[in-house]
Amino acid sequence: MKRCHVMGLMVALGLQVVVMAGVFLGGVYPLWVGEEIRLETRPVDPRDLFRGNYARLGYDFSTVEASDLRPGDVVYLPLEKQPNEALWRGGEPQATEPETGLYLRGRVAGQPWSAGNTVKYGIEALFAPKEKALALERQLRDSAVAVVRVAPNGKAALVTVEAKAINN
């Protein structure tokens with residue numbers, strides 16, 4: 001009887017380790033295989049930008065005005081590289097996965113206070129040590145560029161945030 005309990009405990013622990021490993025691998029997958037791009041970003045709330053050591057970031061394409069979207073829906077955002085710039089911009093969001101090109105895969109998080117739906121792409125927060133967070137706060141006062149790695153399946157990971165060059 002004790003042997004059965006020990007086996008059950010080992011199976012339960014093994015499943016937990018497998019689930020945790022899957023979550024970890026899913027988070028670092030875009031960092032390993034993703035293409036690096038740069039997106040213009042802005043602080044979500046410049047008066048209270050840092051709580052702890054992270055910055056909340058906003059993007060022009062994070063709000064979608066489509067009325068047929070509901071919280072939980074998946075949205076695909078085709079990305080377009082701007083001519084003569086190092087920046088990429090979001091195209092028109094769609095409900096189906098694009099067949100070609102680079103795109104972000106997001107999920108409708110809900111309705112903000114204004115019109116439209118908020119879409120989360122997994123690149124809305126950057127965690128940093130205190131010193132870097134304070135420097136980032138100064139950079140974000142005007143404008144900044146998010147360095148993002150985008151995997152072929154649209155999953156994205158935020159790498160860092162840099163000051164926006166004046167000529168961009």
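In this predicted model, L79 stands opposite G90 of strand 5. The pairing behind this position is antiparallel: strand 4 and strand 5 (residues 88-90) are joined by three bridges. Six residues lie between the two strands of this hairpin, and N84 takes a positive phi near 60° there. Strand 4 (residues 74-81) also runs antiparallel to strand 6 (residues 103-110), with five bridges between them. In that second pairing, V75 stands opposite G106 of strand 6.

These strands belong to a protein chain with two helices and ten strands. Read from the N terminus, the order of elements is α-β-β-β-β-β-β-β-β-α-β-β. The chain has 168 residues, of which 35% count as buried. Among contacts with a separation of 6 or more, 62% are between residues 24 or more positions apart. The accessible surface comes to about 10900 Å², and carbon and sulfur atoms account for 57% of this surface.

The interior may be considered next. In soluble globular proteins, nonpolar side chains tend to be buried together. The largest nonpolar core of this model holds 28 residues, and those that touch the most other members are L39, L79, L104, I123 and V148. Two or more residues each are given to this core by strand 1 (35-43), strand 2 (54-58), strand 4, strand 6, helix 2 (130-140), strand 9 (144-150) and strand 10 (156-163). Strand 9 provides the largest share, with four residues.

Two of the core residues show how these elements meet. L39 lies in strand 1 and counts as buried, because its relative accessibility is 0% and the cut-off for burial is under 20%. Beyond its neighbours up to four places away in sequence, L39 touches Y59, F61, L79, L87, W88, I123, A144, V145, A146 and V148. One of these partners, A146, is 107 residues away from L39 in sequence, yet their C-alpha atoms are 5.2 Å apart in space. For L104, with neighbours within four places in sequence again left aside, the contacts are F61, V75, Y76, L77, L79, Y121, I123, V150, G154 and A156.

A residue of strand 10, T160, is also buried, since its relative accessible area is 16% and therefore under 20%. With neighbours within four places in sequence set aside, T160 is in contact with L126, K132, V145, A146 and V147.

Aromatic residues form a further set of links. A pair of aromatic rings is described by the distance of the centres and the angle of the planes. The model has three aromatic pairs. In one of them, F61 and Y121 meet edge-to-face, with 5.5 Å from centre to centre and 75° between the planes. F61 lies in the loop between strand 2 and strand 3 (63-64), and Y121 lies in the loop between strand 7 (117-120) and strand 8 (125-127), so this pair ties together parts that are 60 residues apart in sequence. F61 and Y121 are both buried. The rings of Y76 and Y103 have centres 5.8 Å apart and planes at 70°, so this pair is edge-to-face. Y76 in strand 4 and Y103 in strand 6 are 27 residues apart, and their pair links distant parts of the chain. Y76 and Y103 are buried. Ring pairs also link Y59, F61 and Y121 into a cluster.

Charged side chains remain to be described. Side chains of opposite charge can pair when their charged atoms come close. The structure holds four salt bridges. One of them joins R38 and E36, at 3.1 Å from N to O. R38 is partly exposed, with a relative accessible area of 25%, and E36 counts as partly exposed at 38% relative accessibility. E36 also meets R149 in a salt bridge, at 3.6 Å from N to O. This pair links distant parts of the chain, with R149 in strand 9 and E36 in strand 1, 113 residues apart. R149 is partly exposed, with a relative accessible area of 21%.

R38 in turn forms a salt bridge with E162, in which the closest N and O atoms are 3.5 Å apart. E162 lies in strand 10 and R38 in strand 1, 124 residues apart, and the pair links these distant parts of the chain. E162 counts as partly exposed at 32% relative accessibility. Through shared partners, salt bridges join E36, R38, R149 and E162 into one network.

Notes. Residues are numbered from 1 along each chain as its sequence is written. This is a predicted model: local features need pLDDT of at least 70, side-chain atom pairs count only at pLDDT 80 or more; totals for chains, interfaces and linings use all residues. Side-chain values use heavy atoms; hydrogens and water are left out. Buried means under 20% relative accessible area, exposed over 50%, partly exposed in between (1.4 Å probe, protein chains only). Contact means heavy atoms within 4.5 Å. Accessible areas come from the Shrake-Rupley method with a 1.4 Å probe; for residues, only the protein chains shown count as cover. Two strands pair if DSSP finds at least two bridges between them. A nonpolar core is a set of buried Ala, Val, Leu, Ile, Met, Phe, Trp, Tyr and Cys residues joined through side-chain atoms within 4.5 Å. Rings of Phe, Tyr and Trp (its six-membered ring) pair if their centres lie within 6.5 Å; planes under 30 degrees apart count as stacked, over 60 as edge-to-face and the rest as tilted. A salt bridge is a side-chain nitrogen of Lys or Arg within 4 Å of a carboxyl oxygen of Asp or Glu.
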